[in-house]
Amino acid sequence: MSLTNSVSPACNDTSACGTCASGVGTSGAECLTTPYRKTFSVVYVEEAALSLPRTRQILAKLPGAEVIRCRDYREVFNRPHQSPALQKHAQALILAVSDRPRLYPGAPVCQDFGNERFYYTSDVMNCVFDCEYCYLQGMYPSGHVVVFVNPEDTFRELDTILCDGNPRGVYVCISYDTDLLALEPLLGFVAEWITYAEKHPTLTLELRTKAASAAVLRALPVSSRLILALTLSPEPVIRAMEHHTPSLSARLALAREAMDLGWKVRLCFDPMLAVHDAVTVYSAMFDEVFSALPMERVWDVSVGLFRISREYLKEMRNRRPCKVTYYPYELSEGVYRYPKAVGEPLIALAVERLAQAIPRERIFLWDDTDCSEPPCRNSD
Ligand code: SF4
């Protein structure tokens, strides 16, 4: 069944303000939904989600979108013979109700920043950005974005963990299989997580993002419970491989603003990629980072090389043949990695440059040498 979404628009501006996509928009709160009117012109809604308040709130921000009812989101998301790479050019939004809490223990090989009780959530599957190296292309059969509109079930599951009598803190990454900050004007999930975390003093959240909208950040309450983890890449890598993401200068401007507002800011140099003349390219990026940011105010940094499980890369090669998927990686214990001669100079460069700007104990190096399981994902 198809019907036109007749909810009144929040904004009549039909031009792309770029606020969410590029981070350079200057418009106010009313027009923050504009990019999504262009991105999501089709919305599938599970019958079980139709009457839920979050569904109505999301649809209200997508006036004019064609709304199609479905019985189960898997009918759309899991159907065979899809092309996630092509679907990125015309992504549909799928609103669904998860039949289980979407909170998972972090795999031992994922960067846990020293946190023993480490979890991640997946209330959103897929991303509005389009990075050629993104592991989601190997993980999901579709490029469409699924939003589970019942995150309260995830909160309830987390309640039981936080109240289990264990005094050690709990660390939850809330933006793993998506970019939640880029979707914040549409979903408001980050604000909900902050509200939840403020009531739980032993909970720390990590929000990983490539988004760079200062307007979106300013609309959120500053919280000491959340680490804003900004992924930084050299500008040539962004232009060649991280499609629709903000520039390095826009991300650095957001990092600076976030620090000024009082957020804990983590800088993520992960995944580093063995592009042409990589040491020179990454060295120039570190110059730009150090000249833009007061590094003494950075909470911590993470560093890691691109790595991917055999299963994901096999799917990615089928779905998106490109330089990064067809690089001659070395396979070891089910994981493709750069040969040591290629990867080690990049890591050495990052550690040497970062150690000049930030105490060594605040540099987290993704190191899989002791791990017996393949990594589930790259960290963003
Ligand atoms: S790598 Fe991160 S930002 Fe890029 S498409 Fe994947 S989830 Fe989105």
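Two strands count as paired when DSSP finds at least two bridges between them. With that in hand, let's walk through this predicted model, starting from a strand with partners to explore.

Strand 14 covers residues 264–272. Nine of its nine residues are buried, so strand 14 is largely enclosed by the rest of the structure. Here, a residue is buried if 20 or more other C-beta atoms lie within 10 Å of its own. Who are the neighbours? Strand 12, residues 226–231, runs parallel to strand 14 and is joined to it by five bridges. If you would like a residue to click on, take Leu230, whose bridge partner in strand 14 is Leu267. Leu267 also stands opposite Val301 in strand 15. Strand 15 spans residues 300–305, and its pairing with strand 14 is again parallel, over five bridges. To get from strand 14 to strand 15, the chain passes through helix 12 (residues 278–292), making a right-handed β-α-β crossover.

Now follow the chain to another sheet. This one is open, with three strands in the order 16-18-17 and antiparallel pairing. Strand 16 (307–309) and strand 17 (330–332) are its edges; each has a single partner strand, so one side of each is left without a neighbour in the sheet. From one strand to the next, the twist averages 30°. Strand 17 is linked to strand 18 (residues 335–337) by three bridges in the antiparallel sense, and within this pairing Leu331 sits opposite Tyr336 of strand 18.

Finally, look at helix 13, residues 310–319, which lies across strand 16, strand 17 and strand 18. Its direction makes an angle of about 95° with strand 16.

Key:
Residues are numbered from 1 along each chain as its sequence is written. This is a predicted model: local features need pLDDT of at least 70, side-chain atom pairs count only at pLDDT 80 or more; totals for chains, interfaces and linings use all residues. A residue is buried if 20 or more other C-beta atoms lie within 10 Å of its own, exposed if 12 or fewer, and partly exposed in between; C-beta atoms are placed from the backbone. Helices (H or I, at least four residues) and strands (E, at least two) are DSSP runs, numbered from the N terminus. A crossover is right-handed if, with the strands pointing away from the viewer, the path from the first strand over the helix to the second runs clockwise. Axes are lines fitted to C-alpha atoms, for helices over the stretch in contact, and angles run from 0 to 180 degrees between N-to-C directions. Two residues are in contact if their C-beta atoms, placed from the backbone, lie within 7 Å.
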